[in-house]
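Q: Please take a close look at a single part of this structure and at what it packs against. I am new to it, so one connected explanation would help.

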Amino acid sequence: MDLSEDEDLLNIEEEGENESQKEEVDSVIVEDIRRRLFDVFKMFDEDSDGLIETDDVSHVLRSFGLNPSQTELQLVSEQTAKKNGRVSFDDLLPRVVLAIQNEEWKDDTPKQIHAAFQVITSNNYVQKDTLLQLLTSIGEPLTPQEVKQFLNHVSIRANGDIDWVSYVKDTCEMITSRD
């Protein structure tokens, strides 16, 4: 064998070792996701039969820290639901792993939220009526129940102003501390 053949063999061996290490890391990550997702899943598996209602898929995913849109939730439910309209953990897990690996369904960052608010106001305050109009009519509109929850968690001044900077900061801190 000449020197270049030896180098080629060494490169092939190194590539094989690197691939093996990557597979080990991937399996550890998948196992961690499986364990954590199962913990969340069983909170919604009311009769402990390994199935949840399709309506609970959104609760499981959001409790797990993912933020799919309503359209994405509908698609996941359709892809994973059994004939009885329920979803098994084993059917949901591969879709969640894929979403995490592809960095899908991530929560918006505070910078993105700040940028969105700065489109509608030039200061730290926004009028309650203006914000409620936007939250119930643009993008994925909030339901009346979600509006009520929002209003329960936000400080509104006597003049109707909401300090959106404080609200975003408090909400992001609460989410971060939950993880």
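A: A residue is called buried here when its relative accessible area is under 20%, exposed when that area is over 50%, and partly exposed in between. The model is a predicted one. The part chosen is helix H4, which covers residues 89–101.

H4 has 13 residues and spans 18 Å from its first C-alpha to its last, close to the 18 Å expected at 1.5 Å a residue. Its buried residues are Phe-89, Leu-92, Leu-93, Arg-95, Val-96, Val-97 and Ala-99. As background, an α-helix has 3.6 residues a turn, so residues three or four places apart point the same way. Just after H4, Glu-103 adopts a positive phi of about 55°.

Next comes the packing around the helix. The largest nonpolar core has 20 residues, and those touching the most other members are Leu-37, Val-57, Leu-61, Phe-64, Leu-92 and Val-96. H1, H2 (57–63), H3 (70–80) and H4 each supply at least two residues of this core. H4 contributes the most, with six residues. Leaving aside residues up to four places away in sequence, Leu-92 is in contact with Phe-41, Val-57, Val-60, Val-76, Thr-80 and Val-87. Separate from this, a second core of eleven residues includes Val-126, Leu-132, Phe-150 and Trp-164.

The aromatic rings add another link to H4. Across the whole structure, a search finds four aromatic pairs. One of them joins Phe-41 and Phe-89 edge-to-face, with centres 5.5 Å apart and 75° between the planes. Phe-41 belongs to helix H1 (residues 3–44) and Phe-89 to H4, so this pair ties together parts that are 48 residues apart in sequence. Phe-41 has a relative accessible area of 1% and is therefore buried. Phe-89 also counts as buried, because its relative accessibility is 7%.

Another pair is made by Phe-150 and Tyr-167: their ring centres are 5.1 Å apart and their planes lie at 80°, so this pair is edge-to-face too. Phe-150 sits in helix H7 (residues 144–152) and Tyr-167 in helix H8 (residues 164–178), so the pair links distant parts of the chain, 17 residues apart. With a relative accessible area of 10%, Phe-150 is buried, whereas Tyr-167, at 22%, is partly exposed.

Back at H4, ring pairs link Phe-89 with Phe-38 and Phe-41 in a cluster.

Note on methods
Residues are numbered from 1 along each chain as its sequence is written. This is a predicted model: local features need pLDDT of at least 70, side-chain atom pairs count only at pLDDT 80 or more; totals for chains, interfaces and linings use all residues. Side-chain values use heavy atoms; hydrogens and water are left out. Helices (H or I, at least four residues) and strands (E, at least two) are DSSP runs, numbered from the N terminus. The expected span of a helix is 1.5 Å times one less than its number of residues. Buried means under 20% relative accessible area, exposed over 50%, partly exposed in between (1.4 Å probe, protein chains only). Rings of Phe, Tyr and Trp (its six-membered ring) pair if their centres lie within 6.5 Å; planes under 30 degrees apart count as stacked, over 60 as edge-to-face and the rest as tilted. A nonpolar core is a set of buried Ala, Val, Leu, Ile, Met, Phe, Trp, Tyr and Cys residues joined through side-chain atoms within 4.5 Å. Contact means heavy atoms within 4.5 Å.
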